[in-house]
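Please open the structure in the viewer and keep the sequence panel visible. The tour proceeds by selections, each followed by a description of what is found there.

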Amino acid sequence: QVQLVESGGGLVQAGASLRLSCAASGRTFSSYYMGWFRQAPGKEREFVGSIAWSSGSTYYASSVKGRFTISRDSAKNTGYLQLNSLKPEDTAVYYCAGGRGWTTQYVYWGQGTQVTVSS
């Protein structure tokens, strides 16, 4: 089993930055992908991006590419989602997840952290 705990959400103005963290515990994460997803009110959950834990390679949704950056600190077993140039439409609950694929096959989920961007 893997437990994931997100932190770092908050209320910011448009154009600001935030860094979300996702601390993993339990089984070693080295063979997994860590994905980031978000869900806005009334909308379906949306893939944001992911990182292959062992190599550090990343993959992003086109809607956030260039503004968001995913990284990880293997020693701390923690992943990060850096959110830059935030827009009101980025407002959502952000989730990290652990799984076996770039965009699918996620089986472990964190509790989510709220990001609210005011205009």
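Begin by selecting Asp90 and Arg38: their side chains meet in a salt bridge, with an N to O distance of 2.9 Å. Asp90 belongs to the loop between β8 and β9 (92-99), while Arg38 belongs to strand β4 (residues 33-39), so the pair ties together parts that are 52 residues apart in sequence. Both Asp90 and Arg38 are buried. The model is a predicted one, and the distances and angles quoted on this tour are computed from it.

**The salt-bridge network**

Keep Asp90 selected and add Arg67. The side chains of Asp90 and Arg67 also meet in a salt bridge, here at 2.7 Å from N to O. Arg67 lies in the loop between β6 (58-60) and β7 and Asp90 in the loop between β8 and β9, so this pair ties together parts that are 23 residues apart in sequence.

How accessible is Asp90, in terms of relative area? The value for Asp90 is 1%, and the residue is therefore buried. Arg67 has a relative accessibility of 13% and also counts as buried, because the cut-off for that class is under 20%.

Now add Glu46. Its side chain meets that of Arg38 in a salt bridge of 2.8 Å, N to O. Arg38 has a relative accessible area of 6% and is buried, whereas Glu46, at 29%, is partly exposed. With these residues displayed together, the network of salt bridges that links Arg38, Glu46, Arg67 and Asp90 can be seen. A search of the whole structure finds 3 salt bridges. As a general matter, side chains of opposite charge can pair when their charged atoms come close.

**The four-stranded sheet**

Next, select β1, β3, β8 and β7 and show them as a cartoon. In that order they form an open sheet of 4 strands with antiparallel pairing. β1 (2-7) and β7 stand at the edges, each with a single partner strand, so one side of each is left without a neighbour in the sheet. Neighbouring strands of this sheet are turned by 20° against each other on average, with direction ignored.

Follow the sheet from β1 inward. β1 and β3 pair in the antiparallel sense over 6 bridges; to locate the register, select Gln3, which stands opposite Ser25 in β3. Strand β3 (residues 18-26) in turn pairs with β8 in the antiparallel sense over 6 bridges. Here Cys22 may be selected, whose bridge partner in β8 is Gly79.

On the other side of the selection, strand β7 (residues 68-73) pairs with β8, again antiparallel and over 6 bridges. Thr69 stands opposite Gln82 in β8. β7 and β8 form a hairpin with 4 residues between them, and Asn77 in the turn has a positive phi of about 55°.

**Strand β8 and the nonpolar core**

Select β8 alone, residues 78-83. Why can this strand be described as largely enclosed by the rest of the structure? The reason is that 5 of its 6 residues are buried.

Extend the selection to the residues with the most contacts inside the largest nonpolar core: Leu4, Trp36, Leu81, Leu83 and Tyr94. This core has 35 residues. Centre the view on Leu83 and display its surroundings. Not counting residues up to four places away in sequence, Leu83 touches Ala16, Ser17, Leu18, Leu20, Arg67, Phe68, Tyr94 and Val115. Arg67 in this list is also a member of the salt-bridge network.

**Two backbone angles in loops**

Most residues other than glycine have a negative phi. Select Ser85, in the loop between β8 and β9: its phi is positive, at about 50°, although it is not a glycine. Ser85 counts as partly exposed, with 41% relative accessibility. Then select Gln105, in the loop between β9 and β10 (106-109). Phi of Gln105 is positive too, near 65°, and this residue is exposed, with a relative accessible area of 54%.

**The whole chain**

Finally, return to the full view. The protein chain has 11 strands and 0 helices. Its radius of gyration is 13 Å, close to the 14 Å that the globule rule gives for 119 residues, so the chain is as compact as a globular protein of that length. The C-alpha atoms fill a box of roughly 40 × 25 × 25 Å along the principal axes. Buried residues make up 46% of the 119 residues. Among contacts between residues at least 6 apart in sequence, 55% join residues at least 24 apart.

Terms used: Residues are numbered from 1 along each chain as its sequence is written. This is a predicted model: local features need pLDDT of at least 70, side-chain atom pairs count only at pLDDT 80 or more; totals for chains, interfaces and linings use all residues. Side-chain values use heavy atoms; hydrogens and water are left out. Buried means under 20% relative accessible area, exposed over 50%, partly exposed in between (1.4 Å probe, protein chains only). Two strands pair if DSSP finds at least two bridges between them. Axes are lines fitted to C-alpha atoms, for helices over the stretch in contact, and angles run from 0 to 180 degrees between N-to-C directions. A nonpolar core is a set of buried Ala, Val, Leu, Ile, Met, Phe, Trp, Tyr and Cys residues joined through side-chain atoms within 4.5 Å. Contact means heavy atoms within 4.5 Å. A salt bridge is a side-chain nitrogen of Lys or Arg within 4 Å of a carboxyl oxygen of Asp or Glu. The radius of gyration is taken over C-alpha atoms; the globule rule is 2.2 Å times the number of residues to the power 0.38.
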